[in-house]
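Let's take a walk through this chain together, starting with the overall picture and then stopping at a few places along the way. Have the sequence and the structure open as you read.

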Amino acid sequence: MYSHASESLIKQAREIQVSELQKFYSRLMKMLQGKELGHDTVDSLQRLHLILSATKYTRTLPLELQKRFVALLSSPAEQHQVLSAAVLRETLPLTGQELNYNHQLNSHAAGLLLSQVGRTEIERLSLLLHYCETCIYKTHHIILQLSKKLVDWLRYASVMQGVGTSSGGFFTGPRSRQPVPIAELDGSVSGDFFTVLCVGQGFTEDQWMNVYSFSMLRHWLLTYHSSCSTTVDADDRSEVDGSVVSMVSATSSSSRLLPPKERLREKAFQYCQRLIEQSDRKAHKKTDTELQKACLVEAVCILDCVCVEDASLVYRTFPCIKALFGRLSSELSYARVLLPIAQFYLNHGEIAAVDCENVWKVVFGRFPTELFNDPFLAHELLRFLRLNLESIELRVPQYTRYFPNLLKFLAWDSPAMVDDFVDLLPSMVTTGTAVELLHTLLDLPCLSATLVLQHRFRHTQEKNCFPQQFGDTMDRLSTLHELLVEAADWPRVTQCARTVPVLLHVFFNTIVTIADEKLLAHLILVMLERSSLLLNIPAYIKEIHRVFSCHLLRLCKLHPSLVVNQSHELLEFAGSTANVYSKEELYTHVVWVLGEYLSVSCDSRCSVSLITSCFEALEAVLFEITSSAPPTGKVCPAPKVINTLMSALAKLASRSHDLIPRVSLFLSKLRTVTRSGSVAWCSDEEDLVAIVTRGEELWSLLKAPGVAQSVLTPPPHVIAPQWHRDTNVALPLQLRALTSLTHSQ
């Protein structure tokens with residue numbers, strides 16, 4: 001019962017006339033426009049709240065006045081915040097177009113928004129989410145309130161259809177508008193609570209809020225889980241009726257006894273379980289089938305979230321997830337759903353002690369093999385790998401063996417996928433996969449061509465020609481290249497070819513950090529062999545040779561003993577005159593490393609006979625290319641090739657003095673031959689002058705064998721020689737200075 005004075009005030013508030021109320025609004029508006037709000041303003045705010053709350057009707061404030069109240073919500077004075085929130089709570093909320101809540105929210109403003117959330121004000125719910133993310137430690141009670149509302153919207157929405165829009169007709173009457181139960185997508189009457197997969201002629205407001213709540217549930221759980229502190233958890237418990245309920249909740253199955261946080265988690269679990277059950281129903285419309293898939297994706301992701309928050313739910317959830325995987329794993333049309341299932345297995349499979357191998361066979365094996373041309377799946381799968389790479393390397397060690405399948409995404413759509421594979425490729429490089437991975441990268445353009453053919457004609461002949469294992473398949477590679485000769489200018493193939501050098505750099509940068517010398521020696525052998533076995537795209541071949549040259553040089557600088565280990569293969573490559581014309585870049589670097597690192601100072605196993613063998617092989621090539629014109633259809637050797645050959649011979653001779661007369665004789669003949677004029681093996685006069693100048697410098701230097709050896713042989717255990725920095729073009733300043741001294745003598 002109110003006192004007599006209170007009843008009198010309430011009666012006056014109820015009986016106030018419209019004209020008097022409008023005058024009061026005007027006076028209050030003027031007060032709120034002032035710079036400072038005094039006691040009179042506070043009294044007027046309290047009076048307005050009494051007027052609005054005393055009547056059973058909800059009033060609408062003038063627009064400008066209501067905007068003033070909204071602005072007052074961010075006042076530094078908490079009393080003003082409380083009063084403005086109280087007034088606005090008693091009025092009809094304005095729409096988002098008329099009123100903007102995008103100012104800095106506080107707890108009172110957030111509470112006001114929460115009280116006004118409805119289907120037509122759903123944007124306010126988004127504002128609340130943003131507010132709770134940024135101010136969670138200050139206003140966690142708002143989180144508890146919103147969690148309670150989410151529980152109600154998710155679990156206790158009406159199970160009767162809303163009154164739909166009439167189809168028209170003169171005789172449409174009340175009987176046709178009687179509410180009926182909601183239905184499932186297969187047309188049967190729903191026997192459980194409402195979800196987003198229920199259908200009807202119309203929806204009630206709480207059913208719309210059910211849909212909206214589900215759409216933002218995962219984001220809310222992630223934010224709530226990551227931001228809540230122990231203080232919030234303590235306040236969660238305070239929402240339950242004391243210690244008695246706390247003890248009961250430990251043994252009771254009723255979720256109503258749980259704190260808001262745990263209760264929302266439980267209802268989310270139940271909602272997603274129901275969605276999974278509903279997804280097994282045969283939908284009548286194709287659009288509804290797509291809706292089922294989308295809801296399955298979201299449901300599995302939400303179940304993953306709640307299991308991350310509460311590991312005890314893993315054991316309740318896994319039977320459902322396992323059954324869902326068994327039902328969908330053979331259906332490629334459900335690939336989008338299987339990725340969240342794979343995420344669930346990755347996150348929780350170890351806890352539940354389940355075998356995940358079948359999941360990885362589908363995701364890493366079957367998906368890339370059969371759905372390589374699905375851009376959405378490719379993006380999602382590669383994103384899954386990037387986000388979970390550390391966990392995958394730890395928990396799915398067999399992941400690396402699936403690289404031939406995964407690279408099909410890259411072969412099909414290289415421009416869109418190259419950035420992903422630049423990040424992922426290092427994880428695929430192991431001592432066990434290195435050799436096969438290098439072959440696979442080199443044959444990516446071939447793979448691209450075969451995928452195009454497979455997609456166009458669905459033929460398997462070309463597909464079967466693509467080698468799955470390497471070592472004894474070089475003959476098959478030649479056959480494959482012949483079959484695909486017409487594919488060299490296909491757009492997908494040329495785009496793929498342009499990405500291979502980038503990935504090769506990533507590959508070699510990774511392998512040098514994990515491989516031993518035995519593996520590196522094998523990779524050098526692969527580079528030499530595959531330099532002749534590439535799909536016939538001239539620009540591609542040239543670029544691959546450039547990459548090989550770069551990393552051959554790097555490997556030999558890091559491990560000079562590799563030159564002795566692979567001396568037979570390197571000499572065989574360098575002793576082929578054909579390589580001078582077809583593999584100029586790589587040939588030049590092979591000759592350089594032979595001349596630079598075939599030395600006792602680099603490897604004690606380097607014998608005189610090995611040096612002599614190398615000298616004779618290079619001497620024969622140099623003599624051949626400087627004695628005749630190039631083969632038909634070939635251009636003259638570049639000056640750097642001839643200069644590098646002469647430098648290598650001089651280096652080798654400086655380490656075995658018996659060879660000095662032979663190289664000196666060649667250099668003197670070279671000088672004599674060029675004096676007679678042009679030569680067939682060099683078409684440019686300036687190039688010829690550069691070659692002759694190099695020859696004279698070397699010839700002069702070899703006159704002093706002791707000096708030549710100190711200049712031309714790198715000191716032991718020095719990766720970057722200090723004296724001789726031969727860059728295949730010209731001798732350094734120190735060597736030119738020594739040459740001038742020998743001339744002066």
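Start with the big picture: the chain has 37 helices and zero strands. Both come from DSSP runs numbered from the N terminus, with helices being H or I over at least four residues and strands E over at least two. This is a predicted model, in which local features need pLDDT of at least 70 and side-chain atom pairs count only at pLDDT 80 or more, while totals for chains, interfaces and linings use all residues. Residues are numbered from 1 along each chain as its sequence is written, and side-chain values use heavy atoms, with hydrogens and water left out.

How much of the chain is buried? Of its 745 residues, 51% are, where buried means under 20% relative accessible area, exposed means over 50%, and partly exposed is in between (1.4 Å probe, protein chains only). Now for contacts, meaning heavy atoms within 4.5 Å. Among those in the chain with a separation of 6 or more, 74% are between residues 24 or more positions apart.

Next, look inside. A nonpolar core is a set of buried Ala, Val, Leu, Ile, Met, Phe, Trp, Tyr and Cys residues joined through side-chain atoms within 4.5 Å. The largest one here has 194 residues, and Phe364 and Phe507 have the most contacts inside it. Leaving out residues up to four places away in sequence, phenylalanine 507 touches Leu425, Val429, Ala434, Leu437, Leu438, Leu441 and Leu523. Apart from that largest core lies another, of 25 residues, including Leu45, Ala54, Leu61 and Leu83.

Some of the partners of phenylalanine 507, Ala434 and Leu437 among them, also turn up on the list of buried residues in helix α21. This helix, residues 434-442, is mostly covered, with seven of its nine residues buried. Those seven are Ala434, Leu437, Leu438, His439, Thr440, Leu441 and Leu442.

Now hop over to valine 87, which sits in helix α5 (residues 78-89). Is this valine buried or exposed? Valine 87 has a relative accessible area of 0%, so it is buried. Beyond its neighbours within four places in sequence, valine 87 is in contact with Leu45, Leu48, His49, Leu52, Leu61 and Phe69. Take leucine 52: it is 35 residues from valine 87 in sequence, yet their C-alpha atoms are 7.3 Å apart in space.

Helix α15 gives us two more stops. Leucine 339 lies in this helix and counts as buried because its relative accessibility is 8%. Setting aside residues up to four places away in sequence, leucine 339 touches Val363, Leu377, Glu380 and Leu381. Its C-alpha atom is 7.8 Å from that of phenylalanine 384, 45 residues away along the chain. Past the end of the helix, alanine 353 lies in the loop between α15 (335-352) and α16 (357-370). Alanine 353 is exposed, because its relative accessible area is 71%. The phi of alanine 353 is near 55°, a positive value in a residue other than glycine.

Last stop: a pair of helices. The axes of α27 (residues 538-558) and α31 (residues 584-597) come within 8 Å and cross at roughly 10°. That angle makes α27 roughly parallel to α31, because angles under 35 degrees count as roughly parallel, over 145 as roughly antiparallel, 65 to 115 as roughly perpendicular and the rest as oblique. The axes are lines fitted to C-alpha atoms, for helices over the stretch in contact, and angles run from 0 to 180 degrees between N-to-C directions.
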